[in-house]
Structures are given as C-alpha cells and as structure tokens.
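This report covers the division of a single chain into domains, the packing of its helices and a few residues in its loops.

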Amino acid sequence: MNVQELFPETFDLVTKAHKGIHGGHDIHHATRVATWAQRIAMNEWGDQCVAKLAGLAGLCHNADRLIEHQYGHGNAPESATRELLTSWLETSDISVDELEIVLSAVLNHGAKNSANDSRVKKALADADKVVNMALDLIIRSGQLYHDLPAVDHVWFVNDPEATYLNPKSSLKDIWYSPAEWVDPSCPFCFCTSLGWRIGEKRAQNLTDYIQTLRAQMEEDGIVFKE
Ligand SMILES: [Fe+2]
Ligand SMILES: [Fe+2]
C-alpha cells in the first residue's frame with residue numbers, strides 16, 4: 001500500500017499544505033520520497049512497521065521547507081516545524097512513541113550519518129537522496145539558481161572557491177550529488193543497500209551528463225582551467 005492508502009487523512013492534510021508550491025519541495029517530491037523510503041526500509045529490514053513509518057516520514061519531510069516559505073530560507077524556527085509536523089502526524093493512527101520517531105527522523109534527515117540514527121531516519125535520508133538524484137535535478141537546479149551562470153566557462157566544475165551553499169554555477173550544484181553521496185568517506189553518503197544501489201545508478205547518469213557536456217563544450221572550442 002502507498003502512503004495515500006495507509007494514511008488517507010494525513011495525506012489530504014499534507015497535500016493541502018503544499019497547495020501552490022511547485023519545484024523541489026512540492027507534494028510530488030514528498031510522495032516520491034515516501035515511495036522510496038518504504039521500499040528502502042522493506043529491502044533493508046523486511047519490517048512492515050518501519051516501512052510504514054518511513055513512508056509517513058517521506059510524506060511529511062517537506063515541513064521545514066513549508067515553514068521557510070513564511071520565515072525565509074534558512075530561518076525556519078524548529079519549534080514551528082515541529083508544531084506543523086505534529087499537527088499532521090496526529091491525524092495518523094500511529095502511537096506517541098512512533099510519532100516521536102517520525103518527527104525526529106524528519107527534523108534530522110539532512111544531518112550527517114550517525115551511529116544513533118533510527119531506521120526511519122536512515123530510510124528517509126536515503127530516499128530523499130535517491131529522488132534528488134533523478135534527472136529532473138538538472139531542470140530544478142536551473143530554476144533554483146536562475147541568477148547564476150548555467151555552466152562555469154573557465155573552471156567547469158573545478159572552481160576552488162565554489163561551495164555547496166555557493167556553487168557559483170548551476171552545473172556545479174548538480175555535480176555535488178553524484179560526487180558526495182556515493183563517496184563512502186562522505187558523512188552524508190548513502191547508508192542502506194538499496195539506497196547505494198539506486199544512488200550509484202543515478203550518480204552514473206548525472207556523471208555521464210556532466211562528462212558529455214564537457215566534451216561538447218571542448219568541441220565548441222572552450223579550454224577549461226584545471
Ligand atoms: Fe530533504
Ligand atoms: Fe526532500
């Protein structure tokens with residue numbers, strides 16, 4: 001069963017809260033993450049209960065982004081996110097303990113991997129990365145960073161001053177996902193076997209795109225700095 005069938009009331013409430021939102025944090029992103037979170041949890045632990053909670057966490061995981069719409073990027077107070085999440089989760093039939101597990105997974109899903117991570121957090125974090133590596137990332141990054149150049153014509157993706165928060169070109173933003181999430185030494189890398197399997201496949205698609213583009217631009221006469 002998908003999250004809409006498992007949690008119809010919560011699904012309706014969360015869908016309404018996303019009304020008018022398009023882009024990387026719309027309801028479609030939430031349901032895609034929910035689907036992968038359920039699959040990843042089932043594949044990793046074979047536990048219906050964990051899979052159900054992981055799906056619910058996926059459905060609700062845009063909460064901080066919705067709060068950011070009110071307070072501005074990076075300024076969402078955790079208490080407001082917690083309050084919104086609680087109001088959604090209370091419409092499901094989960095226990096108080098389960099609610100805490102989902103709440104904490106959602107609030108921490110963007111944090112580094114830790115030995116204390118719950119199964120729900122692991123499944124949610126990997127699902128979010130899997131979905132964020134699908135090829136619509138390329139279009140979304142162009143929309144998000146419409147003020148930046150599409151491609152750095154000097155450094156390509158090797159500008160030593162570019163960072164994740166200031167990628168300096170849209171292509172560099174796209175480059176970070178395949179470069180970091182499938183690097184086992186990165187504290188944000190995948191942590192489940194299905195996450196790794198799908199992540200590596202999607203990373204290869206993105207890497208192929210980036211390498212093909214570089215070859216095309218070199219054919220066009222661009223010489224990049226190393
Ligand atoms: Fe996220
Ligand atoms: Fe997400």
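The chain is divided into domain 1, residues 1-128, and domain 2, residues 133-226. The model is a predicted one. Taken over C-alpha atoms, the centres of domain 1 and domain 2 are 26 Å apart. Contact between the domains involves 11 residues of domain 1 and 12 residues of domain 2. On the side of domain 1 that touches domain 2, the elements giving two or more residues are H3 and H8. H3 provides the largest share of that side, with four residues. By class, the side of domain 1 that touches domain 2 holds two nonpolar, four polar and five charged residues.

**Packing of H3**

Helix H3 spans residues 27-45 and helix H8 spans residues 119-132. Their axes come within 8 Å of each other and cross at roughly 125°. An oblique arrangement covers angles that are neither under 35 degrees, nor over 145, nor 65 to 115, and H3 and H8 are therefore oblique to each other. The crossing of these two helices, H3 and H8, is right-handed.

From H3, the residues that meet H8 are His 29, Arg 32, Val 33, Trp 36, Ala 37, Ile 40, Ala 41, Glu 44 and Trp 45. Their partners in H8 are Arg 119, Ala 123, Leu 124, Asp 126, Ala 127, Asp 128, Val 130 and Val 131. Sorted by class, this contact of H3 with H8 has 11 nonpolar residues, one polar residue and five charged residues.

H3 also packs on H11, a helix of residues 193-219. The angle between H3 and H11 is about 125°, and their axes are 8 Å apart. H3 and H11 are therefore oblique to each other. Here Arg 39, Ile 40, Asn 43 and Glu 44 in H3 meet Ser 193, Leu 194 and Gly 195 in H11. The residues of this contact of H3 with H11 divide into two nonpolar, three polar and two charged. Ile 40 and Glu 44 of H3 thus appear in the contact with H8 and in the contact with H11.

**Covering of H10**

Helix H10, residues 170-180, is mostly covered, with eight of its 11 residues buried. The buried residues are Ser 170, Leu 171, Lys 172, Asp 173, Ile 174, Trp 175, Ser 177 and Pro 178. What covers them includes H8, helix H9 (136-144) and H11.

**Loop residues**

Two residues of the loop between H9 and H10 are Phe 156 and Lys 168. Each has a positive phi without being glycine: Phe 156 has a phi near 55°, and Lys 168 has a phi near 70°. Most residues other than glycine have a negative phi. A further loop residue, His 22, lies between helix H2 (8-17) and H3. The C-alpha atoms of His 22 and Pro 149 are separated by 22 Å, and the two residues are 127 apart along the chain.

The table gives the surroundings of the three loop residues.

| Residue | C-beta neighbours inside 10 Å | Class |
|---|---|---|
| His 22 | 11 neighbours | exposed |
| Phe 156 | 21 neighbours | buried |
| Lys 168 | 17 neighbours | partly exposed |

A residue is buried at 20 or more such neighbours and exposed at 12 or fewer. With 21 neighbours Phe 156 therefore counts as buried, and with 11 neighbours His 22 therefore counts as exposed. Lys 168, with 17 neighbours, counts as partly exposed.

Technical notes: Residues are numbered from 1 along each chain as its sequence is written. Chains are lettered from A and ligands numbered from 1 in the order in which they are written. This is a predicted model: local features need pLDDT of at least 70, side-chain atom pairs count only at pLDDT 80 or more; totals for chains, interfaces and linings use all residues. Axes are lines fitted to C-alpha atoms, for helices over the stretch in contact, and angles run from 0 to 180 degrees between N-to-C directions. A crossing is left-handed if the near helix is turned anticlockwise from the far one by less than a right angle, and right-handed if clockwise. Two residues are in contact if their C-beta atoms, placed from the backbone, lie within 7 Å. Ala, Val, Leu, Ile, Met, Phe, Trp, Tyr, Cys and Pro count as nonpolar, Asp, Glu, Lys and Arg as charged, and the others, Gly among them, as polar. Domain bounds come from an automatic or database domain assignment.
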